[in-house]
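Here is a quick walk through this structure, one corner at a time. Keep the viewer open as you read.

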Amino acid sequence: MATTAQQPGLSYKDIADAIISFLEISLHTILYLRSVYPATTFSRRRAHGVPIYQSRHPQVRAYITTVITALAPEIHNGKLRRMTVVIKGVEDGLPRERMIFDMGYLAELEKLREGRGTEVGLIGAPNADELGLMLRGFLIKLNALEGQLLDNKGETTFAVVIETNDSLEPSTNINEDGSVPPWIPALAADTLRPPASQDLEGCTEKHEPLLNVKAVETGVIDIRLMVQECVAKTGVDRLDP
C-alpha cells in the first residue's frame with residue numbers, strides 16, 4: 001500500500017517572521033488592555049480573526065517598531081530567551097505586573113543556519129493555516145486577561161526587557177558605526193526574581209506567583225506567555241516557591 005509523503009511546513013524564517021509580527025501585535029494590545037495609555041489613542045484592528053489594538057500615537061508606534069526591529073535578529077538567531085513587558089507606576093517606578101514571553105527553539109537550528117536551510121520548509125512544521133490557528137488561540141487568551149487581572153491604580157508606564165540564551169549583549173548592540181545601541185542594562189526592579197538563567201517554575205527560590213496564560217508549540221519556535229502580578233499592585237506580600 002502506497003504511503004503519501006509528508007509535506008514540509010513553513011521554514012524557520014517564515015515562523016520567526018510570524019512570531020516577530022505576533023510580538024509586535026501583542027505589545028500594542030497589552031498597552032491597550034492594561035490601560036497604559038487612553039483607549040482613545042488606539043485603533044481597533046483584526047489579526048488572525050481576533051480583535052487587536054494598535055496605538056495611534058506616533059512616538060509609541062515608533063518606540064514599539066524600534067523594539068521589535070532590535071529583537072528580530074535575536075529570534076532569527078535563536079538567541080532570545082525571554083521578552084518581558086514590565087508595567088510600572090509612574091510615581092514610584094515599581095513594577096505592577098510583568099507579561100513574560102518565554103521562547104524555545106528547534107534543537108537543530110545551528111545545523112540549519114550553517115547549511116543556510118532556514119528558508120527551506122521543514123517536515124513536521126505547521127503550515128500557514130495551522131500557525132494562524134495557533135496564534136489565533138493565543139490572542140484570544142491574551143484578550144481574556146483583562147478579566148483575570150486586578151486593575152493597575154494610578155498612572156503607569158512600561159519597559160521592555162529582553163534576556164538572551166547566552167547571557168551576552170544582544171547582537172544588535174554591536175554597532176561598528178559608533179551609533180547609540182538600542183539596548184541598555186535593565187533596572188534591577190524591572191528584572192525577574194529569580195533571574196532568567198533559572199526555570200521560573202522549577203526554581204527553589206521564592207518569587208511572586210505566575211499565571212500561565214497560553215503556550216504555542218510549533219516544534220520550531222515555541223512561545224509561552226506568563227503573567228506575574230507584583231506586590232506593589234496586589235499589596236499581598238506573599239512569595240510562593
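## A loop residue to start with

Let's begin with Asn-152, which sits in the loop between α4 and β5 (156-164). Keep in mind that this is a predicted model. Is Asn-152 buried or exposed? Its relative accessible area is 15%, so Asn-152 counts as buried.

What does Asn-152 touch, once residues up to four places away in sequence are set aside? The list is Arg-34, Ile-87, Arg-96, Glu-97 and Lys-233. With one of these, Glu-97, the side chain of Asn-152 also makes a polar contact of 3.3 Å.

## The overall layout

Stepping back, the chain has 5 helices and 7 strands. Read from the N terminus, the elements go α-β-β-α-β-β-α-α-β-β-β-α.

The chain has 241 residues, and 44% of them count as buried. Its accessible surface comes to about 12800 Å², with 52% of that belonging to carbon and sulfur atoms. If you take the contacts between residues at least 6 apart in sequence, 73% of them join residues at least 24 apart.

## Ring against ring

Now for the aromatics. A pair of aromatic rings is described by the distance of the centres and the angle of the planes. This structure holds 6 aromatic pairs. In one of them, Tyr-32 and Tyr-53 have ring centres 3.6 Å apart and planes at 10°, so they count as stacked. Tyr-32 belongs to helix α1 (residues 12-33) and Tyr-53 to strand β2 (residues 50-55), so this pair ties together parts that are 21 residues apart in sequence. The two rings sit on either side of a cut-off: Tyr-32 is partly exposed at 22% relative accessibility, while Tyr-53 is buried at 14%, because buried means under 20%.

Phe-101 and Phe-138 make another stacked pair, with 6.4 Å from centre to centre and 10° between the planes. This pair also links distant parts of the chain, since Phe-101 is in strand β4 (residues 95-105) and Phe-138 is in helix α4 (residues 128-144), 37 residues apart. Both Phe-101 and Phe-138 are buried. Add Phe-22 and you have a cluster of three residues, Phe-22, Phe-101 and Phe-138, linked by ring pairs.

## Into the core

In soluble globular proteins, nonpolar side chains tend to be buried together. Here the largest nonpolar core has 55 residues, and Ile-75, Phe-101 and Ile-221 have the most contacts inside it. Which element gives the largest share of this core? That would be α1, with 12 residues.

Phe-101 is worth clicking on again. Leaving out neighbours within four places in sequence, Phe-101 is in contact with Leu-23, Ser-26, Ile-30, Arg-81, Arg-82, Met-83, Val-85, Phe-138, Ile-223, Arg-224 and Leu-225.

## Two backbone oddities

Most residues other than glycine have a negative phi. Ser-35 goes the other way, with a positive phi near 55°. You'll find Ser-35 in the loop between α1 and β1 (42-47), and at 53% relative accessibility Ser-35 counts as exposed.

His-48 is not a glycine either, yet its phi is positive at about 55°. His-48 lies in the loop between β1 and β2. With a relative accessible area of 35%, His-48 is partly exposed.

How values were computed:
Residues are numbered from 1 along each chain as its sequence is written. This is a predicted model: local features need pLDDT of at least 70, side-chain atom pairs count only at pLDDT 80 or more; totals for chains, interfaces and linings use all residues. Side-chain values use heavy atoms; hydrogens and water are left out. Rings of Phe, Tyr and Trp (its six-membered ring) pair if their centres lie within 6.5 Å; planes under 30 degrees apart count as stacked, over 60 as edge-to-face and the rest as tilted. Helices (H or I, at least four residues) and strands (E, at least two) are DSSP runs, numbered from the N terminus. Buried means under 20% relative accessible area, exposed over 50%, partly exposed in between (1.4 Å probe, protein chains only). Contact means heavy atoms within 4.5 Å. Accessible areas come from the Shrake-Rupley method with a 1.4 Å probe; for residues, only the protein chains shown count as cover. A polar contact is a pair of N or O atoms within 3.5 Å; within protein, one must be able to donate a hydrogen and the other to accept it, and residues adjacent in sequence count only if both atoms are side-chain atoms. A nonpolar core is a set of buried Ala, Val, Leu, Ile, Met, Phe, Trp, Tyr and Cys residues joined through side-chain atoms within 4.5 Å.
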